[in-house]
Amino acid sequence: MTYKLTEIQKLDLYIRLNELNSKIKSLSTDEEWANNRKQIGEVLYQLNLVEDPTDINEVEKANLAYIRKRTKSIIQNSGRQPMAAYFINQKALDELGNLVDEEDENFYSDFHDMLVNDMIKYATIVRDFDLKLAKAKEANDANYYREEYARLDSARRRQHDAVIANLAVANRTNKSEGLEPVLDVGDGRSVHDVHRTDIGNAVISWLAETNLQDNNLSPLEGDKNFSGTQSR
């Protein structure tokens with residue numbers, strides 16, 4: 001069956017696909033994973049990107065192709081050179097969450113979870129940004145479009161600021177514990193010394209790689225320059 005979709009319907013489906021992919025870190029059981037993939041398959045089917053929404057291999061292939069394409073598009077529009085990119089160190093991030101504070105044994109695990117959630121929220125806002133703007137444009141109302149842009153941009157910046165601040169804390173914490181930094185920005189430098197778009201790019205890349213690793217695939221299959229978003 002081929003779906004004939006309006007532009008608004010297509011945009012809504014892509015936004016829904018981003019939402020489902022953003023849940024990757026919260027899927028704790030096989031049942032949750034299967035349900036997530038079932039919903040992803042249904043969305044991809046409606047977008048005419050798979051022929052059989054129950055074929056998990058076809059669904060995964062199409063979904064990961066979308067993630068790669070979406071992330072590369074964001075990177076290319078970031079205005080930053082790929083060689084300037086930084087990367088989230090997953091091992092260091094995991095080690096941060098495993099630290100134990102003598103006064104509050106859950107302090108570091110809670111902080112780790114907050115940082116992960118903040119990064120996921122930021123990456124999803126960026127993945128959705130131009131899709132939601134395109135929806136606003138479809139309304140053919142200049143005032144509404146400007147208001148929607150201001151709302152989305154404000155939300156993106158607030159979340160970006162939270163990520164930058166928490167990554168700086170994460171790096172200081174890991175350094176004090178003799179661990180590698182979560183975001184290696186070089187000796188004698190702070191996260192705050194790095195161009196904010198480069199940090200955003202690292203977070204976008206991290207979520208994309210998380211999707212790949214969840215399916216036991218090689219990160220980006222040779223795509224080394226993987227980070228990004230619009231100026232932010």
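These are my notebook entries on one protein structure, which is a predicted model.

**Entry 1: the overall picture**

I began by counting elements, and I found seven helices and zero strands. Reading from the N terminus, I wrote the order down as α-α-α-α-α-α-α. Next I looked up burial: of the 232 residues in the protein, 44% are buried. The accessible surface comes to about 12,600 Å², and carbon and sulfur atoms account for 46% of that. I also checked contacts between residues at least 6 apart in sequence, and 71% of these join residues at least 24 apart.

**Entry 2: salt bridges**

How many salt bridges does a search of the whole structure find? I noted ten, and I picked a few to look up.

My first pick was D12 with K135, whose side chains meet in a salt bridge at 2.7 Å, N to O. D12 sits in helix α1 (residues 7-22) and K135 in helix α5, so this pair ties together parts that are 123 residues apart in sequence. I looked up both partners: D12 is partly exposed at 34% relative accessibility, and K135 is partly exposed too, at 29%.

Then I turned to D198 and R80, which form a salt bridge with their closest N and O atoms 2.8 Å apart. This pair also links distant parts of the chain, 118 residues apart: D198 belongs to helix α7 (residues 196-214), and R80 to the loop between α3 (56-76) and α4. Is D198 buried or exposed? I put it down as buried, because its relative accessibility is 4% and the cut-off for buried is under 20%. Its partner R80 is partly exposed, with 28%.

My last pick was R157 with D153, where the closest N and O atoms are 3.5 Å apart. These two are four residues apart in helix α6, so about one helical turn separates them. R157 is partly exposed at 37%, while D153 counts as buried at 15%. I also noted that salt bridges with shared partners join D153, R156 and R157 into one network.

**Entry 3: N166**

I stayed in helix α6 (residues 142-176), where N166 lies. With 13% relative accessibility, N166 counts as buried. Which residues does N166 touch, leaving aside neighbours within four places in sequence? I listed F111, M114, L115 and D118.

**Entry 4: a charged patch**

Finally, I looked for charge on the surface and found a negative patch formed by E102, E103, D104, E105, D110 and D113. One of these, D104, lies in the loop between α4 (90-98) and α5 (107-138). D104 is partly exposed, and I wrote down 34% for its relative accessible area.

Conventions. Residues numbered from 1 in each chain as written. Predicted model: local features only at pLDDT ≥ 70, side-chain atom pairs only at ≥ 80, totals over all residues. Heavy atoms only, no water. Patch = residues over 30% accessible without salt bridge, like charges linked within 9 Å, V, L, I, M, F, W, Y side chains within 5 Å. Areas by Shrake-Rupley, 256 points an atom, 1.4 Å probe, with all protein chains shown as cover. Salt bridge = Lys/Arg side-chain N within 4 Å of Asp/Glu carboxyl O. Lys, Arg positive; Asp, Glu negative; His and termini not counted. Charge placed at Lys NZ, Arg CZ, Asp CG, Glu CD. Buried < 20%, exposed > 50% of the residue type's maximum accessible area, 1.4 Å probe, protein only. Contact = heavy atoms within 4.5 Å.
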